[in-house]
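These are my notes from going through one model, entry by entry, with the open and enclosed spaces as the main interest. I wanted to know what lines them and what packs around them.

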Amino acid sequence: MARARSFVVPYVLSLVVVIAVLVMWIIYAVSSGSRLNELAERVGATGPTWTWVILGVGCGLLGLLIVFITYQLARSLAEYSYARKQEEFVSSITHEMKSPLAAIQLHAQTLQQDAMNDEASDSVGYILRESDRLGRLIDNVLESSRLVARKRPLVLEPVPLRPFLEAFFVETTPRVVGQGFDLEVDLTTEATVEATDDALRRVLTNLIDNAIQYSARGGRIRCRVEDIGGWVRIQIEDEGQGIPKSELSRIFERFHQVRRDRGSSTGTGLGLFIVSQLVDQMHGSVRAASHEDRPGASFVVELPMASEDG
């Protein structure tokens, strides 16, 4: 409804302006009939109906303008309706994928617990890793749809960062190492921020996944969290291909993808969009930079510390 209102309000305002101009034009043409006739005679145009011709042409042009504005509104609303239905369809299909995916993961975990040879164990491990990746992709699609539709805004609460981050990296480090990367973590923060556990986890996960996606196996990913003034700075660096300067202004756009060194693009282009939207809802900021003196890129998230009385 909010997005539909954003189309209707400018239309109504434009229509009011055009109607006001039309009324002023009619008043001017009627009250200035004699002067218009004198001007017409000077240029060689004669006839008692000249005032009405001018009036008719002006009204016709303004009428065409009203028709054009109405057409643009109808077109915008139709495109919005189609996009909304498409978004709902994708969200519905994606949500339906969670149940069979959970069943696959459950059976794979059961197989992993049974005694099996190395080849079978490797296959089951591959199934678990890929199903976990697919699960994160599904979560990103659902979260992206929620953010675009502006449903269920975050309900912020005080989150002590150190215990949260320690638990997060205990859970995340094995996954990153299992994909062939080193993860260096430097936590010096003692702050509390207004956030949610799920939003913080998704921001960190998407940034780390982005670093993995654009880095070669064996690379190092660094995560540093520190307190600076009244802010907490979370910085994640990688040793990958970096970000072209021409891409920096669009890096957080929905569906935008940076091409890899091999010339292809991977992923959905949703991860960084979700990061920017969630950080914004937590009243913070996020920016990206590409290293000039060495390979890799850096993402910096800054969140305000929670007030002591809040």
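Entry 1, overall make-up. I counted the secondary structure of this predicted model and found eight helices and seven strands in the protein. I then looked up burial, and buried residues make up 36% of the 310 residues. For the contacts between residues at least 6 apart in sequence, I noted that 71% join residues at least 24 apart.

Entry 2, the largest pocket. I looked up its volume first, which comes to about 1,200 Å³. Its lining has 45 residues, and those that lie nearest the centre are Arg 133, Arg 136, Asp 209, Ile 212 and Gln 213. Which elements each supply at least two residues of this lining? I listed α3 (50-113), α4 (118-149), α5 (161-178), α6 (197-213), α8 (271-281) and β7 (297-304). The largest share comes from α4, which gives nine residues. Sorting the lining of the pocket by class, I obtained 15 nonpolar, 19 polar and 11 charged residues.

Entry 3, the largest cavity. I searched next for enclosed space and found one cavity of 30 Å³ or more, the volume of the largest cavity being about 30 Å³. Its lining is made by Leu 200, Val 203, Leu 204, Ile 234, Val 279, Met 282, Val 301 and Leu 303. When I divided these residues by class, I had eight nonpolar, no polar and no charged. Both α6 and β7 supply at least two residues of the cavity lining, and α6 gives the most, with three.

Entry 4, the nonpolar core. The largest nonpolar core has 47 residues, and I recorded Leu 165, Phe 169, Leu 200, Val 203, Leu 207, Ile 221 and Val 301 as those with the most contacts inside it. The largest share of this core, eight residues, comes from α6. Such grouping fits a general tendency, in that nonpolar side chains in soluble globular proteins tend to be buried together. I noted that Leu 200, Val 203 and Val 301, listed here for their contacts inside the core, also appear in the lining of the largest cavity. I then followed Phe 169 and, leaving out residues up to four places away in sequence, found that Phe 169 touches Pro 174, Leu 183, Val 185, Leu 187, Ile 208 and Cys 223.

Entry 5, helix α8. I asked how many of the 11 residues of α8 are buried. The count is eight, so that I describe the helix as mostly covered. The buried residues of α8 are Gly 271, Leu 272, Phe 273, Ile 274, Val 275, Ser 276, Leu 278 and Val 279, and Val 279 is also one of the residues lining the largest cavity. Just after α8, I noted that His 283 takes a positive phi of about 65°.

Entry 6, Ser 298. I placed this residue in strand β7 and asked whether Ser 298 is buried or exposed. Ser 298 counts as buried because its relative accessible area is 6%, where the cut-off for buried is under 20%. The side chain of Ser 298 makes a polar contact with the side chain of Gln 235, at 3.1 Å. Setting aside neighbours within four places in sequence, I found Ser 298 in contact with Gln 235, Ile 236, Glu 237, Arg 287, Ala 288, Ala 289 and His 291.

How values were computed
Residues numbered from 1 in each chain as written. Predicted model: local features only at pLDDT ≥ 70, side-chain atom pairs only at ≥ 80, totals over all residues. Heavy atoms only, no water. 1 Å grid on protein atoms, 1.4 Å probe; cavity = no way out; pocket = protein on both sides within 12 Å on 5 of 7 lines; lining within 4 Å. Points joined across faces, edges and corners; volume = space filled by probe spheres on them. Helix = DSSP H or I, 4+ residues; strand = E, 2+ residues; numbered from the N terminus. Nonpolar A, V, L, I, M, F, W, Y, C, P; charged D, E, K, R; others polar. Buried < 20%, exposed > 50% of the residue type's maximum accessible area, 1.4 Å probe, protein only. Polar contact = N/O pair within 3.5 Å; in protein donor to acceptor, adjacent residues only side chain to side chain. Contact = heavy atoms within 4.5 Å. Core = buried A, V, L, I, M, F, W, Y, C linked by side-chain atoms within 4.5 Å.
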